[in-house]
Amino acid sequence: MKRFLPGALACALMAAAGAAGAQTLGAAARASADGWIGREASQLLMQLRVDGGRVQIEEDDATLETRYTWRTVVPAYTEQVKVGGGEFLYMEPTGTSGERPVFAPIIVEDVHHAEQHRCDITYIADRDGVVRRWQHRGPHCDTDIVGPDARRPGRSTPTASRNQGH
């Protein structure tokens, strides 16, 4: 019994850590987000995609902070899926030239997919417009968070190198 309790406790702690780890951010994404700390928020707006309503900006008059939130999603879409048909039925005579195959009509069905949330990343800038911290939420932030472009730090055009979603 004495050996069972420490082992059971260790297993429980490992399971809890695994569940918590599933919600944490990976080292590369964390480094990308941390790369914005200490930079001017204007650099965020110059380097990350802002078209199509990708960024929401909120100002807090009480703290004089500004929150810049990028949301990545897979937009809702409809696809046509074959549900039947297309099977060979018979050979049909074509007159003097021979025969041609006849197939059953293909039956398709529309399948609607709802919008899927990927990641929200919020950078919080102080009253001077300098990013001081960030927050994230979503299941795909590890792949969607983009850091400053280290290859061209002085460049002022959009340079996001990872998928920013829609």
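## Starting with contact

Two residues are in contact when heavy atoms of theirs lie within 4.5 Å. Keep that in mind for helix 2, where the cover over the buried residues includes strand 7, strand 8 and helix 4 (141-144). One more thing before we look around: this is a predicted model.

## The overall layout

The protein chain has 4 helices and 8 strands. Walk along the sequence and you meet them in the pattern α-α-α-β-β-β-β-β-β-β-β-α. Of the chain's 166 residues, 27% count as buried.

How much of the contact in the chain joins residues at least 24 apart? Among contacts between residues at least 6 apart in sequence, the share is 58%. As for the outside, the chain exposes about 11,200 Å², and carbon and sulfur atoms supply 56% of that area.

## A four-stranded sheet

Now for the strands. Four of them make an open sheet in the order 1-2-7-8, with antiparallel pairing. Strand 1 and strand 8 (131-137) sit at the edges, each pairing on one side only. On average, neighbouring strands of the sheet are turned by 20° against each other, ignoring direction.

Which strand pairs with strand 2 over 9 bridges? That is strand 7 (residues 116-125), which runs antiparallel to strand 2; one example of the pairing is Thr-66, whose bridge partner in strand 7 is Ala-125. Strand 2 also pairs with strand 1 (residues 55-60), again in the antiparallel sense, over 6 bridges. There, Val-55 has Trp-70 of strand 2 as its bridge partner. Is strand 2 mostly buried or exposed? Of the 10 residues in strand 2 (residues 65-74), 7 are buried, so this strand is largely enclosed by the rest of the structure.

On to the pairing of strand 7 with strand 8, which is antiparallel and spans 6 bridges. Thr-122 takes part in it, with Gln-135 in strand 8 as its bridge partner.

## Two hairpin turns

Strand 1 and strand 2 form a hairpin with 4 residues between the strands, and Leu-64 in this hairpin takes a positive phi near 60°. What makes that worth a second look? Most residues other than glycine have a negative phi. Leu-64 is not a glycine, yet its phi is positive. You'll find Leu-64 in the loop between strand 1 and strand 2, where it is partly exposed, with a relative accessible area of 40%.

The other hairpin joins strand 7 and strand 8, with 5 residues between them. Its turn holds Gly-129, which has a positive phi of about 85°.

## The nonpolar core

The largest nonpolar core has 19 residues, and those touching the most other members are Leu-44, Leu-48, Tyr-68, Trp-70, Ile-121, Tyr-123 and Ile-145. Helix 2 (27-34), helix 3 (41-47), strand 2, strand 7 and strand 8 each give two or more residues to this core. Which of the elements gives the largest share? Strand 7 does, with 4 residues.

Let's zoom in on Leu-44. Leaving out residues up to four places away in sequence, Leu-44 touches Trp-36, Tyr-68, Trp-70, Tyr-123 and Val-131. Two names here may ring a bell: Trp-70 is the bridge partner of Val-55, and Tyr-68 is listed with Leu-44 among the core residues that touch the most other members.

## Helix 2 and the loop after it

Back to helix 2, where Ala-29, Ser-32 and Ala-33 are buried. Seen down the helix axis, the buried residues fall within an arc of 95°, so they line one face of the helix. The general geometry helps here: an α-helix has 3.6 residues a turn, so residues three or four places apart point the same way.

The loop between helix 2 and helix 3 contains Gly-38. This glycine is partly exposed, with a relative accessible area of 48%. Where does Gly-38 make contact beyond four places in sequence? Its partners are Val-130, Val-131 and Arg-132. Gly-38 and Arg-132 are 94 residues apart in sequence, but their C-alpha atoms are 6.0 Å apart in space.

Notes. Residues are numbered from 1 along each chain as its sequence is written. This is a predicted model: local features need pLDDT of at least 70, side-chain atom pairs count only at pLDDT 80 or more; totals for chains, interfaces and linings use all residues. Side-chain values use heavy atoms; hydrogens and water are left out. Buried means under 20% relative accessible area, exposed over 50%, partly exposed in between (1.4 Å probe, protein chains only). Two strands pair if DSSP finds at least two bridges between them. Accessible areas come from the Shrake-Rupley method with a 1.4 Å probe; for residues, only the protein chains shown count as cover. Axes are lines fitted to C-alpha atoms, for helices over the stretch in contact, and angles run from 0 to 180 degrees between N-to-C directions. A nonpolar core is a set of buried Ala, Val, Leu, Ile, Met, Phe, Trp, Tyr and Cys residues joined through side-chain atoms within 4.5 Å. The arc is that of the directions from the helix axis to the C-beta atoms.
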